[in-house]
Structure formats: structure tokens, C-alpha cells
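Trainee: Could you take me through one part of this structure up close? I'd like to look at a single sheet and what sits around it.

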There are 4 protein chains.
Amino acid sequence: MRATVVGGSGYIGGELVRLLLGHPEVELAYVTSTRYAGRPLRTAHPNLRGRTNLTFTQDDEVGETDVVFLAVPHGAAMKEIDRWSALAPRIVDLSADHRIHSTDLRERYYPGGVPDQEWLARFRTGIPELHRDDLRDATHIAVAGCMANAAILALHPLAAAGLVAGTTLVDARTGSSGGGRVPDEGSHHPERSGVLRMAKPHGHRHMAEIIQACGVPVYMSVTAVEAVRGVQVVCHVMLRNPTTERDVWAVYRDAYRHEPFVRLVRERSALHRMPEPKLLSGTNFCDIGLSLDEGGEHLVVVAAIDNLVKGGAGNAVQCLNIAAGWDETSGLDFIGLHPV
Amino acid sequence: MRATVVGGSGYIGGELVRLLLGHPEVELAYVTSTRYAGRPLRTAHPNLRGRTNLTFTQDDEVGETDVVFLAVPHGAAMKEIDRWSALAPRIVDLSADHRIHSTDLRERYYPGGVPDQEWLARFRTGIPELHRDDLRDATHIAVAGCMANAAILALHPLAAAGLVAGTTLVDARTGSSGGGRVPDEGSHHPERSGVLRMAKPHGHRHMAEIIQACGVPVYMSVTAVEAVRGVQVVCHVMLRNPTTERDVWAVYRDAYRHEPFVRLVRERSALHRMPEPKLLSGTNFCDIGLSLDEGGEHLVVVAAIDNLVKGGAGNAVQCLNIAAGWDETSGLDFIGLHPV
Amino acid sequence: MRATVVGGSGYIGGELVRLLLGHPEVELAYVTSTRYAGRPLRTAHPNLRGRTNLTFTQDDEVGETDVVFLAVPHGAAMKEIDRWSALAPRIVDLSADHRIHSTDLRERYYPGGVPDQEWLARFRTGIPELHRDDLRDATHIAVAGCMANAAILALHPLAAAGLVAGTTLVDARTGSSGGGRVPDEGSHHPERSGVLRMAKPHGHRHMAEIIQACGVPVYMSVTAVEAVRGVQVVCHVMLRNPTTERDVWAVYRDAYRHEPFVRLVRERSALHRMPEPKLLSGTNFCDIGLSLDEGGEHLVVVAAIDNLVKGGAGNAVQCLNIAAGWDETSGLDFIGLHPV
Amino acid sequence: MRATVVGGSGYIGGELVRLLLGHPEVELAYVTSTRYAGRPLRTAHPNLRGRTNLTFTQDDEVGETDVVFLAVPHGAAMKEIDRWSALAPRIVDLSADHRIHSTDLRERYYPGGVPDQEWLARFRTGIPELHRDDLRDATHIAVAGCMANAAILALHPLAAAGLVAGTTLVDARTGSSGGGRVPDEGSHHPERSGVLRMAKPHGHRHMAEIIQACGVPVYMSVTAVEAVRGVQVVCHVMLRNPTTERDVWAVYRDAYRHEPFVRLVRERSALHRMPEPKLLSGTNFCDIGLSLDEGGEHLVVVAAIDNLVKGGAGNAVQCLNIAAGWDETSGLDFIGLHPV
């Protein structure tokens with residue numbers, strides 16, 4: 001299958017290129033970048049040095065391929081959806097444009113642009129663990145946001161089982177790559193290094209996706225932390241009825257028993273007893289762990305991912321694998337490093 | 001005033017030494033360390049190089065002084081309280097031994113040792129912002145724990161005003177120096193570097209102090225983060241009635257208007273709009289900021305301190321300044337660095 | 001081919017396990033650890049979670065396999081060489097014991113133990129770029145030290161071409177994982193974080209290997225830097241005669257044109273113009289770059305590797321691939337991450 | 001004495017403000033910034049929160065004061081020297097414009113602007129350890145560059161004693177604050193974090209100052225490392241004749257015995273045996289250590305400073321203290337933190 005990556009010089013775009021170059025079923029045909037057009041991929045992504053001779057192209061040089069990945073800023077995907085759909089039967093959109101199907105949620109969290117309703121209706125939600133059957137014959141896929149994806153995988157089993165009371169608190173921590181490639185005052189190393197920057201105490205857009213997927217009310221706070229890659233969400237859930245940790249684990253095991261990329265972290269004595277983002281760099285895993293207060297009501301669920309992989313490019317490839325009928329783990333076999 | 005620091009080779013002890021060497025009213029007489037006895041202070045604290053010729057002594061070489069600071073492991077202060085009280089009319093205990101006055105709370109969070117009740121009754125709580133009058137004639141002072149101190153300063157004004165509903169969530173983040181000087185598997189750099197280690201999802205001991213000081217129920221989770229110094233607490237408070245951010249600020253301004261070491265962080269447009277621990281390294285400040293959800297009920301209060309200063313040695317010196325009738329800021333004038 | 005990893009709970013051992021689990025020609029039979037015996041591999045290496053059900057075994061539970069990797073402390077390999085050689089026809093030693101063939105160099109840099117001379121004579125030097133033919137029929141392979149390997153790959157082309165005058169200065173910088181898994185005062189996070197610790201200004205043992213391989217005199221200084229993985233060497237070479245950068249590049253291109261894991265870094269305008277260790281985490285690459293002073297005599301050659309991969313486990317697998325007649329890159333296809 | 005800081009929103013400017021606010025003899029009258037004019041100082045320097053109510057002013061709002069500090073980009077100081085000299089009898093220039101007195105060196109390392117020769121002739125070199133007498137009656141002072149200052153303090157005693165043979169290699173490592181406040185691709189956190197970026201293998205401008213001060217030929221390489229503050233230089237010196245470490249130490253002791261801000265680091269058994277920049281954050285110290293090869297000819301001299309303090313603002317204040325006849329350490333008494 002021949003593939004195009006639009007917006008290939010960004011961090012999500014670069015990660016798509018890395019994964020697709022190693023994918024046994026995919027041939028990378030075009031990688032676009034307005035800024036880097038005409039230059040080798042390695043000038044934007046030095047890890048690709050020696051691995052490919054491809055150069056970046058302009059958007060308007062792209063010919064027909066079998067799938068187009070849109071790794072573009074929010075707003076740009078909906079604007080150009082006709083163009084890209086004319087060039088490929090499959091579209092995988094990594095922007096936020098086609099994620100939210102509820103008009104209410106979109107108006108609240110994404111004021112401004114409105115996607116074309118017909119196109120929007122074709123897009124399936126790119127969360128394999130929740131929508132695998134839906135994805136099998138998908139032509140248009142909207143991949144979830146990084147923090148949203150982690151929070152949804154952390155909360156969905158509880159919400160689906162009706163165990164959640166009240167409003168859930170999602171404390172999200174994110175590395176600097178989530179802010180993208182363009183430097184600004186906040187990403188300047190002397191300012192960004194070593195921070196615990198409470199960047200968004202309320203109202204983060206990823207809440208829209210969590211509410212859409214889980215159907216429970218949430219507050220979400222986002223702290224920028226010292227890391228390049230990695231997202232961790234700590235969910236404080238009040239359970240409807242007092243229960244035991246064993247019973248909560250059973251809910252998660254039922255939900256994720258057969259998932260290739262969700263790992264339940266349950267250790268008694270090891271050093272690493274909770275999901276740790278740094279261990280997931282480069283992998284498509286979502287690690288989930290939990291702790292229940294002795295009262296049996298306050299549950300802490302922790303999930304960790306690499307924001308550029310399971311929170312973006314890897315999840316996109318996993319969705320394509322499902323839609324194309326390939327082995328779901330194709331191109332996603334890196335298991336991560338320790339120590340790191 | 002001549003001073004003794006017991007346990008002077010630890011990190012809190014070293015910070016005490018640094019502050020006392022620069023204190024205009026204090027002369028450092030003895031600094032004890034079993035491990036380093038006989039060696040110059042700089043071998044344990046290289047920042048003191050060229051600043052003092054003192055050497056560490058054994059505990060049993062200490063003579064009478066005017067004040068003894070106990071920077072010792074929990075359990076050791078209560079065990080030796082007779083000995084140190086015989087050598088000085090004033091004791092400042094930086095361990096947890098004499099912090100908790102409620103038997104219930106102590107049994108729940110500090111099972112094991114029980115301090116002598118007569119000595120315990122003499123100890124005043126070393127939180128100047130709450131107990132300044134109490135501290136003016138104190139001879140025995142128990143300085144608060146680092147995360148507890150930050151959380152108490154963040155929550156007390158709300159709790160005292162009766163604004164808090166339900167259970168408050170305290171998400172605490174801590175640097176590695178809080179774990180003390182002794183290396184272990186978890187502090188080994190390849191494992192500790194870059195972590196977001198959910199070290200204690202439930203049941204942390206510092207909850208006892210927060211509950212004692214604020215009188216409201218809390219859940220507390222502790223995450224070890226990439227930092228050497230620094231504690232940040234993010235408190236999720238449900239307000240009893242919907243209110244405005246302006247009204248909440250008024251509560252904090254009333255509480256801390258005259259405090260020399262509490263700074264309210266309220267910026268519209270600057271990069272640093274919330275308390276950032278890295279900016280407080282070496283200072284005795286507690287910075288406090290907040291954000292209220294548009295519904296007016298979910299309040300996020302953020303507080304940051306240097307765990308070794310306002311969370312330990314600096315707070316101890318501030319308490320002594322009050323008890324001795326000196327300028328409360330003596331020896332505590334460092335304002336911190338930027339960038340850092 | 002069935003394989004045994006001795007010393008599998010250490011960092012080099014863990015990296016061997018990671019690579020061998022993904023190797024198409026290898027089946028991992030035994031992984032030994034005195035400390036972790038009986039426990040799952042993931043307790044020491046959390047990245048292996050969900051990837052394998054193997055548990056650590058004691059050394060004396062190991063049966064016959066086709067190859068034994070010795071990831072043990074220096075001294076332990078030579079002591080047990082009879083035992084392991086009886087259990088496998090191939091031995092890959094990652095310790096220093098069988099690296100140095102010159103008695104003079106060994107006595108100077110490795111006083112203490114002396115390997116059995118017959119065994120030593122069987123060991124081939126595990127540097128594929130210099131000894132590929134030698135390795136094709138090797139049964140016993142001694143893999144190079146991490147900093148030595150980087151320095152040798154940086155200097156050998158020049159030395160072999162007779163271009164080096166005087167004494168070469170090798171400034172090596174190393175991450176914390178190079179110090180191994182056992183915590184000590186120097187690896188304690190509050191002390192190790194953010195250092196530029198000139199750990200060894202003179203006399204580092206890896207000089208022995210560099211001198212043995214390149215035949216030129218060197219001084220080597222080692223600085224511990226803020227990183228978990230990664231080694232960078234900066235070599236200051238005085239050229240025998242003034243020359244041009246183009247001519248120097250020609251020497252390196254001739255040397256490494258066909259090497260699958262040496263990449264020459266030569267960029268005019270990109271951000272990443274010199275070898276950067278962080279980009280190589282998890283990969284088997286050695287990146288090499290250079291700069292010649294305008295006088296044409298002072299040449300700076302920079303090489304970077306992941307100390308646990310090209311500086312250890314990856315190099316060992318590459319050597320085995322050659323010795324076994326497999327594709328030289330088998331199991332070593334990870335290309336690294338950016339950003340990271 | 002009333003003072004003006006021109007270019008007060010930059011990092012060096014902010015550090016000047018921090019130091020001058022704590023200086024017993026100085027009153028800060030104006031702090032200029034084109035970008036921040038009209039806003040409180042804390043918006044650019046959050047560490048000053050609660051410490052001062054000053055706001056930034058435009059350059060053309062500055063009135064007469066007793067001293068003007070120029071913390072401006074290179075080129076801007078020489079351009080506006082008439083203006084500022086008209087407003088104050090004393091000028092302390094922290095830019096490079098008035099550092100180099102040799103035309104040859106300036107043409108080679110600073111092509112482009114040429115300072116007015118009359119003004120240039122008035123400027124004294126702002127290195128107290130070398131030019132204290134010269135500074136006592138100075139009205140115009142040009143403070144040294146950060147890496148140059150560290151290298152000069154490391155090398156000058158040897159050079160002055162005629163002990164240096166051949167060309168000295170200066171390997172400089174620098175934190176990100178040295179690049180100033182303006183974000184760019186290279187300072188973007190995902191790219192800058194964790195680097196060992198060989199930024200300048202040859203031809204760095206600070207060589208001009210080292211050569212001017214020490215009179216010996218040097219090669220200098222600059223690596224950007226993971227740090228915000230801090231410069232470390234590792235100087236590889238070939239001695240004219242074989243000597244002993246004790247004799248080399250004697251040279252340094254003679255040179256710096258009475259210096260308040262140079263500390264010789266000579267430890268046998270402590271963890272911190274060599275100058276470590278992180279321990280110097282916020283201080284005006286230059287720490288110097290050394291190691292001599294067993295052959296007695298290859299000497300490694302290591303010096304560390306905080307680039308914004310001893311490498312800039314602190315050195316400027318020390319020079320002013322000398323010129324004004326005050327205690328040389330006024331305003332510079334912070335001794336630094338450990339751990340950090």
C-alpha cells in the first residue's frame with residue numbers, strides 16, 4: 001500500500017514516517033512540508049539519516065496513493081479534506097478536526113471552524129480498544145488526541161461498567177513534544193527545562209473527547225513537565241459503591257485481556273509499580289495501573305503513553321492495520337528501553 | 001545565639017548549616033554526623049567550601065548551646081529528646097516526631113513509636129502563618145513536613161473560611177532530595193531520572209498534618225518528578241457554593257497580606273502564571289496561585305516551595321526568628337534565580 | 001540458535017535480552033541473575049512486561065545452549081570461562097577480561113587478574129568494522145568497551161592512514177547507565193542529576209583498547225554528564241600535514257562506506273550537524289562527524305553511540321550475526337527517535 | 001549610588017537587577033527594555049515577584065544616574081556609547097564591544113563593527129583577578145565573556161609563570177541561558193533537552209579574549225549541554241617541563257590565595273572532587289581543580305562558573321565594588337546550594 005504523509009516535518013509527522021518506513025506492508029510515496037520542501041527527510045528528522053533518500057515535497061506535488069495521513073494543525077484538515085480525499089480512498093486524520101461528533105461539545109471546546117457534516121459522518125473514531133469492529137471497514141479515521149487517548153483508556157472500563165460516581169478528576173502531565181515543532185517563549189529551554197508548569201488548570205479541549213467516549217463528567221488539569229516525550233494521566237475516580245482492588249482489576253482485565261497494546265501494571269515488589277512514561281518512549285503501549293484507597297471508594301487510575309506514538313502516529317498505524325486487514329501490530333513491534 | 005545542628009550531614013541538616021552560617025544573630029557551634037565526624041563540613045556539603053572551617057562532630061561531643069536543631073530521621077528525635085533538651089533551652093525538631101498531637105491521627109499514620117506526652121505537649125507547630133503568636137514564646141518547635149506545609153498553606157484560608165465541601169484532592173509532586181541522602185534502588189540515577197513515579201497513590205503520612213491543620217478530609221497522592229529540589233501541590237477543592245475567582249482571591253489576600261514569605265501569583269499575561277518550584281530553589285517562599293472553573297465550584301489551588309527551605313530548614317529558621325524576637329526574615333533573604 | 005545470557009539483570013544484560021527477544025534466529029533459553037533468580041524478567045527490566053514469560057535462573061541451573069553471553073563484572077568472566085565454555089561452543093564476553101592481548105597494556109591498565117593465556121588467544125576482538133573477516137569463524141568474541149569503541153571508530157581511519165601526529169586527546173562524556181545497576185553515593189539522583197563531573201581526568205582503562213586498536217598515543221578524560229544512555233567522544237587530533245576537510249572526509253568514506261552501522265554526519269544547514277547521543281538511544285549506530293580548523297592541522301572528530309547497544313549488547317549481537325553467517329543487521333533494526 | 005540597567009529584560013540584565021536589588025550601596029533607578037516597557041520587572045523575571053515594584057522603561061526615558069550597566073547585544077553598546085556616557089560618569093559594558101584591544105584579534109574574531117578608538121582606550125578589562133589595580137580608578141569597564149572568563153582564570157597562572165608549551169585545548173561546556181532570551185530552533189526544548197551538541201568545534205569568539213589575556217595559543221571547542229546555567233572549561237595543557245602536581249598547585253595558590261571568589265578544589269576522598277557548575281548557580285565563585293598525568297606533562301585544569309554571575313552580572317558588580325572602593329564582595333554573598 002502506497003502512503004502519503006501530509007505535514008511530515010512536524011513531530012507527529014516525523015513519527016509517522018519512522019513507523020511507516022519500518023512497516024512491511026507500506027511504501028512511503030510522499031512526505032510533504034512547506035518549509036522543508038526539496039530537502040532530505042533527515043534535515044527535519046535526523047534519526048532517519050541513512051535510512052531513506054526521500055525528500056520533502058510540496059502539498060501540490062502529491063499524486064494518488066492508497067492512504068493519506070494528515071499530520072496537520074487543527075483547522076487545516078477540514079479545510080483540505082476534499083483535496084486529499086480525491087487523492088486517496090483512505091484518510092487518517094491526526095488533527096482534531098474530525099474527532100468530535102457532538103455539536104454541543106464541539107461548540108464548547110472547539111469554537112471557530114466547523115467540519116463539513118458529510119465528511120464528518122464518514123470518520124470513525126480511531127481508538128482500536130473501543131471501536132475495533134467499526135474500524136475494520138473504515139475509509140476515514142480520526143485518531144484521538146494524546147492526553148484524551150490515555151484518559152479514555154484509563155476510564156472507559158469503569159464508565160462502561162457504570163461504576164463511576166460524581167465528577168472524575170483527570171490530572172494530565174505532558175512532555176514538551178506535545179507542543180509541536182514551532183519554538184516560542186514557553187518552549188525556550190531556559191524557561192521550559194525542569195518545569196512543573198500548570199499550563200491549563202481548566203477547560204482543556206481534550207476533555208471533549210473524554211466526555212464523548214466515556215459519558216461521564218470530568219475536570220481535567222494539564223501540567224507541563226520535564227520530558228520531551230510522554231503523557232501520564234492520573235485519574236481520581238469516586239466509585240459508586242465501595243469495592244475491592246481485586247474487583248476493579250477484574251473490570252480492567254475483562255476490558256483489555258486481548259489488547260495487544262494495553263498492559264496492566266500490577267506489581268507487588270518491583271521498583272516500577274505504576275505506569276511510567278519514560279519506559280514507553282517509541283512504543284505503542286498504553287500502560288495502566290491503579291490503587292484503591294482503604295475505604296474502597298477513592299480509586300486512582302494511572303495511564304501512560306508516548307504522546308507521539310500511542311497518542312498519535314502509532315495509534316494511526318494501528319487503526320490502518322485494522323482497516324486494511326493486516327496484523328494489528330505490524331510496524332509497531334518496538335518494546336521500549338530500560339534504563340532510559 | 002549559639003546553635004547546634006544534629007544530623008548535619010543530611011540534606012535538611014546541610015541546608016540548616018547554609019542558612020545559619022549566613023544568619024546575623026547566630027553562631028554555629030556544633031554540627032554532628034556519625035558518618036562524617038572529624039571531617040570538614042565541605043566534604044558533605046561542597047557548597048560550603050571556603051565558607052567555614054568547621055568540622056563534623058559526634059553527637060556525644062556536643063556541649064551546651066542556646067538552641068538545638070534536630071535534623072534526624074523520624075523516631076530519633078523522640079528517643080533522644082531528654083539528652084538534647086538538657087543541652088539547650090530551645091529545641092527545633094525537623095523530624096515528624098512531635099508534629100501530630102491527635103492520638104488517632106498518629107496511630108493511623110505513624111504506627112510504631114509514641115513520643116513522650118509531656119514533651120509533646122510543649123511542642124508548638126512550626127507554621128508561622130498559622131501559629132505566629134503561639135511561636136513568640138515557644139521553646140520547643142516542631143517544623144511541618146515539606147508537602148504538608150505547602151498543602152496547608154494552600155488550603156488553610158479556604159478551610160478556615162468554611163468554603164470547602166466534600167473531600168479535597170491533593171496531588172503532590174516532589175523532587176529527589178526529599179528522599180534524603182542515602183542511595184537506594186529508587187534514587188539510582190538511571191531509574192530516577194525523568195520519572196513521573198506515582199510513589200504513593202494513597203495514605204501518605206503528610207495527610208495527618210494537613211487534616212490536623214485544616215480540619216477537612218483529604219486524599220493525597222504523591223508523584224516523584226524530575227527535580228532535585230522542589231515540591232508542588234495541586235489541590236482540587238469543591239467549593240461549598242459557586243463563587244467567583246475574585247472572591248476567592250480576596251480570601252487569600254486577607255490571609256496572607258502581611259506574610260513575608262507567602263506570595264500570591266496572579267498574572268494575566270506573563271509566561272509564569274502559576275507557582276513554579278524551580279524558581280524557588282534556595283528561597284523561603286511559598287508561592288500560591290489558583291484557577292476557578294467557569295462553573296464556580298471546582299477550584300484548583302497550586303502551591304510551590306523548596307522542600308529543603310520553606311519545607312524544612314528555612315521554616316525552622318523563620319520559627320526561631322519569631323521565637324527569639326528577631327526580624328522574621330533574618331538569614332532568609334535569598335530571592336531565587338531566573339532562569340534556572 | 002539457543003542462547004544464554006549470564007548476568008541478565010544488569011543493564012547490559014537487560015539490553016541483550018531485549019535485542020535477543022526480537023532476533024529472528026535466536027531463542028533465549030536462560031537468563032541468569034543471582035539476585036533476581038526465580039522472578040520474572042520484567043521485575044528487573046520493566047520494558048519487557050508483556051513480551052516474555054521467562055524468569056531469571058541461577059547460574060548453576062543453566063544447561064547447554066549454542067551461545068553464552070557473559071554480561072558480568074570484570075574479573076568474573078575469566079574466572080568462570082571453563083564452566084561456560086563447557087556449556088556452549090560460542091562465547092561472547094562483554095566484560096573487559098579478554099579484550100587486551102598485550103601484556104604491557106594489561107598490566108598497566110588492568111592490574112590484578114590475568115586471564116588464562118590459552119583462552120585469551122582464542123578471543124577475537126569484537127569490533128566488526130576493524131575485524132569482520134576475523135569474526136566470521138570466531139567461536140570466542142570479546143566485545144569492546146563503550147567509550148573505547150566510540151573512540152576507536154572515530155580514530156582508526158586516521159591512524160591507519162598514518163595521518164596522526166603527536167598525542168591525541170580523547171574527551172569522553174558518558175551517561176549514568178555506564179556505571180551499572182548498583183546504587184552508590186555518586187549515582188544518587190540528587191548528586192548525579194545535572195552534573196558535569198570530571199570523573200577521570202587521566203588513566204581510564206579504556207585507553208588500553210584504543211591504543212591497542214589504533215597504535216597511536218592518547219590521553220583520555222571522562223566526564224559524567226546528564227544522561228542515562230549515551231557516550232560521546234570528542235577527539236582532538238593533530239594531523240601530520242595540513243590538509244583539507246574534503247580529504248579527511250574521503251578517508252572516512254573509504255573506511256566506512258559499506259558499514260551498516262556507521263553513519264557519517266555531514267550537514268551544512270541542519271540543526272543537528274554533529275553526532276548527538278540522545279538521537280541514538282536504543283540503536284546500534286555509531287555516528288561520526290568532524291571539523292577541521294582553518295589552519296588545516298587541528299582536527300576535531302566527534303563520535304556518538306548508545307553505550308548499552310553499539311557500546312555493548314548491540315555490538316555483541318552484530319558480532320554474533322557475523323560469526324553465525326546471518327544478515328549482519330538481524331535484530332538491530334531500530335533506527336532511533338526524534339525528538340527525544 | 002544610583003544605577004541604570006540597559007537591556008534589563010535579558011538574562012544577564014535580569015541577573016544584574018537581582019544582584020543590585022540586594023546590594024547595600026546601590027539604588028536601582030532605571031531598568032530598560034523595549035519589549036517590556038511599562039510592565040513590572042516580575043513579568044520578565046518572576047523571581048523578583050514581591051521584591052520590587054519597579055517597571056521597565058524605554059531607553060529614552062532614562063535620566064542621569066551614577067552608573068550605567070550595558071546588558072545589550074554585541075554591537076549595540078558601541079553604537080550608543082556617547083548617549084550612555086552622557087548620562088553617567090561610570091559605564092560597565094557587559095557586551096563584547098569594548099573587550100578586545102588588539103586590532104588583529106578583533107578583525108579575526110569580531111568582523112563587522114569597530115568601536116570608537118577613544119572610547120575603547122578608556123575601557124579597562126573587567127577581570128578583577130588580573131586587573132584589580134587597574135580597576136580601582138576605572139570609569140569604563142568591559143566585563144569578560146563567560147567562557148573566556150573561566151578559561152582565563154584557569155590558564156592565566158600557568159601562562160604567567162611561563163609553564164605552557166604548545167597549543168592549549170580548551171573544551172568548553174555551556175548551559176542554555178548563555179544563548180540569551182530569544183527562542184529559536186536550537187533552543188526549542190524538544191531539541192535542546194539532553195543534548196551534547198558540539199556547537200562550535202573551532203573559531204569561537206571567546207578565544208580572542210583568552211589569547212589577549214594569557215598570551216598563549218589555544219584551540220577552543222564549545223559543547224552545549226543539559227543545563228540552564230553553568231559553564232565548565234576543561235583545559236588540556238602541555239607543560240614545558242615535567243613537574244609534580246604539588247608544584248602546579250603552588251602556582252595556583254600563589255595566584256589566588258587572596259581572591260574572594262576563586263576557590264581551589266582539591267579533595268582526596270569526597271564525592272565532589274572537581275569543579276561542578278551546578279553547585280555554583282547564583283554565586284560569583286570560580287572553582288578551579290586540576291589533575292596531572294603520571295608523566296608530569298599533560299595537565300588537565302577544570303574551571304566552573306555560573307555564566308550569568310561570575311561570567312557576567314556578578315563579575316560586573318565585583319568590578320564596580322572595586323572601582324567604587326566598596327567591600328569587594330558587597331551584594332555577592334550567596335554561597336550556592338547543595339544538593340541542587
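**The parallel sheet of chain A**

Mentor: Let's start with one pair of residues: A:Ile91 stands opposite A:His140 in β6(A). This is a predicted model, by the way, so keep that in mind as we go. Zoom out a notch and you get the strands involved: β4 (residues 90–93) of chain A and β6 (residues 140–143) of chain A run parallel, and 3 bridges join them.

Now the whole sheet. There are 6 strands in it, the sheet is open, and if you walk across chain A you meet them in the order β2-β1-β3-β4-β6-β5, with parallel pairing. At the edges stand β2 (27–31) and β5 (123–126) of chain A; each has a single partner strand, so one side of each is left without a neighbour in the sheet. From one strand to the next, the twist averages 25 degrees. As background, strands of a sheet pair through backbone hydrogen bonds, and that pairing can be parallel or antiparallel.

Next, the helices. Helix α1 (residues 11–21) of chain A lies across three strands of that chain, namely β1 (2–6), β2 and β3 (67–70), and runs at about 165 degrees to β1(A). Helix α6 (residues 128–135) of chain A also packs on the sheet, where it touches β5 and β6 of chain A, and its direction makes about 150 degrees with that of β5(A).

That's the sheet, but chain A has company, so here is a quick look at its partners. With chain B, the contact takes 43 residues from chain B and 43 residues from chain A. The area buried between the two is about 3700 Å², and carbon and sulfur atoms give 56% of that. On the chain B side, B:Leu196, B:His202 and B:Leu271 supply 19% of the area buried against chain A, more than any other three residues. The rule finds 4 salt bridges across this interface; A:Asp171 forms a salt bridge with B:Arg173, with the closest N and O atoms 3.0 Å apart.

With chain C, the contact takes 35 residues from each of chain C and chain A, and the two chains bury about 3200 Å² between them, 58% of it on carbon and sulfur atoms. C:Arg49, C:Ile335 and C:His338 lose the most area to chain A on that side, together 23% of what it buries. Here the rule finds 6 salt bridges, and C:Arg49 turns up again, meeting A:Glu267 in a salt bridge at 3.8 Å, N to O. Helix α1 (residues 11–21) of chain C gives the most to the side that touches chain A, with 3 residues.

Note on methods
Residues are numbered from 1 along each chain as its sequence is written. Chains are lettered from A and ligands numbered from 1 in the order in which they are written. This is a predicted model: local features need pLDDT of at least 70, side-chain atom pairs count only at pLDDT 80 or more; totals for chains, interfaces and linings use all residues. Side-chain values use heavy atoms; hydrogens and water are left out. Contact means heavy atoms within 4.5 Å. Buried area is the accessible area (1.4 Å probe) that two parts lose on being put together, summed over both. A salt bridge is a side-chain nitrogen of Lys or Arg within 4 Å of a carboxyl oxygen of Asp or Glu. Two strands pair if DSSP finds at least two bridges between them. Helices (H or I, at least four residues) and strands (E, at least two) are DSSP runs, numbered from the N terminus. Axes are lines fitted to C-alpha atoms, for helices over the stretch in contact, and angles run from 0 to 180 degrees between N-to-C directions.
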